Amino acid sequence: MTNSRTISFIGGGNMARSLIGGLLENGYAPASVSVSDPLAATTTALSEDFGISTYADNATAAAAADIIVLAVKPQQMQTVVSALGPELKGKLVVSIAAGVQCRNITKWADEAFDLVRCMPNTPALLQCGATALFANTDVSAANRDAATTILSAAGVVAWVESESELDAITALSGSGPAYFFLLIETMTNTAVKQGLAPDLANKFAIQTALGAARMAHTGEHNPAQLRKNVTSPGGTTEAALNSFADNNFHEIVERAMQAAHDRSEQLGQN
Ligand SMILES: NC(=O)c1ccc[n+]([C@@H]2O[C@H](COP(=O)([O-])OP(=O)(O)OC[C@H]3O[C@@H](n4cnc5c(N)ncnc54)[C@H](OP(=O)(O)O)[C@@H]3O)[C@@H](O)[C@H]2O)c1
């Protein structure tokens, strides 16, 4: 159904490129997708890579489509949405801008439209993202399905019931990749201190993270069970996990995620 509706991306940066690539891979017709961006080099590259229509002007791009995906930086949203105003009327508008609340988008546009706010994360750039979506009760089921289709092009999606849940999503999957990068960095540096070559340490830390994620992803056992399965009594893993516990690992993670949550809430209010 979505495939018969035209989509315009406002802003042709990293996220728009990833979503467009994913949509076309999933069978979406290039003729149904367009993008606007002020930079000619950006629109030329998108046109050449995907065979889609491109525009230098947002209003022309928005007028040409049934669904508008706002894919500019959060700090550009007010200018872009205020200028688009009437072009959004009656359409499905999907915002992927981190931290920009629905009430602000509606206020800046000063028009009525179905609005879906999404919180994707960086692995979306590899179509391996996790995106949460929120819509108020006015948004039709068909438009919810359309938003699901668009964001599914970048990985897994889930709907949340309230906009405030997006603060918890930000603390989990939005900021989450950085937590894993920190662990990979720290494990690499420690292995180097223990005598391994940096390249080998880095390669094995990354492969271990990937392997662990893939094992958890199968869903055959939950993470707690997987951890127990590799923890022999009196063994090396138990020694490491006991050290984590002695140093309050759980509290460290909980405090960090609470800080991310609170900051997300604060940024949204601003
Ligand atoms: N990247 C991620 O992993 C990620 C994760 C979660 C959420 N998001 C959200 O996704 C949105 C896009 O992020 P991104 O990483 O794709 O950013 P990006 O690469 O900077 O893309 C934004 C694009 O919008 C263009 N632009 C600037 N002003 C514009 C205007 N007035 N009209 C139309 N286009 C304009 C920019 O052009 P110039 O470069 O010339 O300014 C750029 O090409 C952001 O709101 C961000 O919060 C991104």
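## A guided tour of the chain

Of the 270 residues in the chain, 38% are buried, where buried means under 20% relative accessible area, exposed means over 50%, and partly exposed is in between (1.4 Å probe, protein chains only). This is a predicted model, in which local features need pLDDT of at least 70 and side-chain atom pairs count only at pLDDT 80 or more, while totals for chains, interfaces and linings use all residues. Residues are numbered from 1 along each chain as its sequence is written, and side-chain values use heavy atoms, with hydrogens and water left out.

**Stop 1: the whole chain**

Begin with the full C-alpha trace, which spans about 65 × 40 × 30 Å along its principal axes. Switch on a cartoon view and look for 12 helices and 8 strands. Here helices (H or I, at least four residues) and strands (E, at least two) are DSSP runs, numbered from the N terminus.

How much of the contact in the chain is between residues 24 or more positions apart? Among contacts with a separation of 6 or more, such pairs account for 61%. Contact means heavy atoms within 4.5 Å.

**Stop 2: two domains**

Now colour residues 2-163 as domain 1 and residues 174-269 as domain 2. These bounds come from an automatic or database domain assignment. The C-alpha centres of domain 1 and domain 2 are 33 Å apart. Where they touch, domain 1 supplies 7 residues and domain 2 supplies 4 residues.

**Stop 3: helix 7 and helix 8**

Select residues 165-174 for helix 7 and residues 176-193 for helix 8. Their axes come within 5 Å and cross at roughly 30°. Axes are lines fitted to C-alpha atoms, for helices over the stretch in contact, and angles run from 0 to 180 degrees between N-to-C directions. Helix 7 and helix 8 are therefore roughly parallel to each other. For the cut-offs, angles under 35 degrees count as roughly parallel, over 145 as roughly antiparallel, 65 to 115 as roughly perpendicular, and the rest as oblique.

Which residues make this contact? From helix 7, show Ala171, Leu172, Ser173 and Gly174; from helix 8, show Gly176, Pro177 and Tyr179. These residues divide into 4 nonpolar, 3 polar and no charged. In this grouping, Ala, Val, Leu, Ile, Met, Phe, Trp, Tyr, Cys and Pro count as nonpolar, Asp, Glu, Lys and Arg as charged, and the others, Gly among them, as polar.

**Stop 4: proline 177 and threonine 122**

Stay in helix 8 and centre on proline 177. Is proline 177 buried or exposed? Its relative accessibility is 12%, so proline 177 counts as buried. Leaving aside neighbours within four places in sequence, proline 177 is in contact with Asn121 and Pro123.

Next, click on threonine 122, in the loop between strand 6 and strand 7. Threonine 122 is partly exposed, with a relative accessible area of 48%. Try drawing a line from C-alpha to C-alpha: threonine 122 and proline 177 are 55 residues apart in sequence and 7.5 Å apart in space. A line from threonine 122 to serine 175, 53 residues away along the chain, spans 8.9 Å between the C-alpha atoms.

**Stop 5: two loop residues with positive phi**

In the loop between strand 6 and strand 7 (129-135), find glutamine 127. Although glutamine 127 is not a glycine, it has a positive phi of about 55°. Glutamine 127 is partly exposed, at 29% relative accessible area.

Then move to aspartate 110, in the loop between helix 5 (102-109) and strand 6 (114-119). Aspartate 110 is not a glycine, yet it has a positive phi of about 55°. With 63% relative accessibility, aspartate 110 counts as exposed.

**Stop 6: the cysteines**

How many disulfides does the structure hold? The count is 0, with a disulfide being a pair of cysteine sulfur atoms within 2.5 Å. Select cysteine 118: its sulfur is 9.3 Å from the closest cysteine sulfur, in cysteine 102, which is too far for a bond. Cysteine 118 counts as buried, at 1% relative accessibility.

Cysteine 128 has its closest cysteine sulfur in cysteine 118, 18 Å away and too far for a bond. Cysteine 128 counts as exposed, at 56% relative accessibility.

**Stop 7: serine 264**

Finish in helix 12 (residues 249-269), where you will find serine 264. Serine 264 is buried, with a relative accessible area of 10%. Show its partners too: not counting residues up to four places away in sequence, serine 264 touches Leu166, Asp167 and Thr170.
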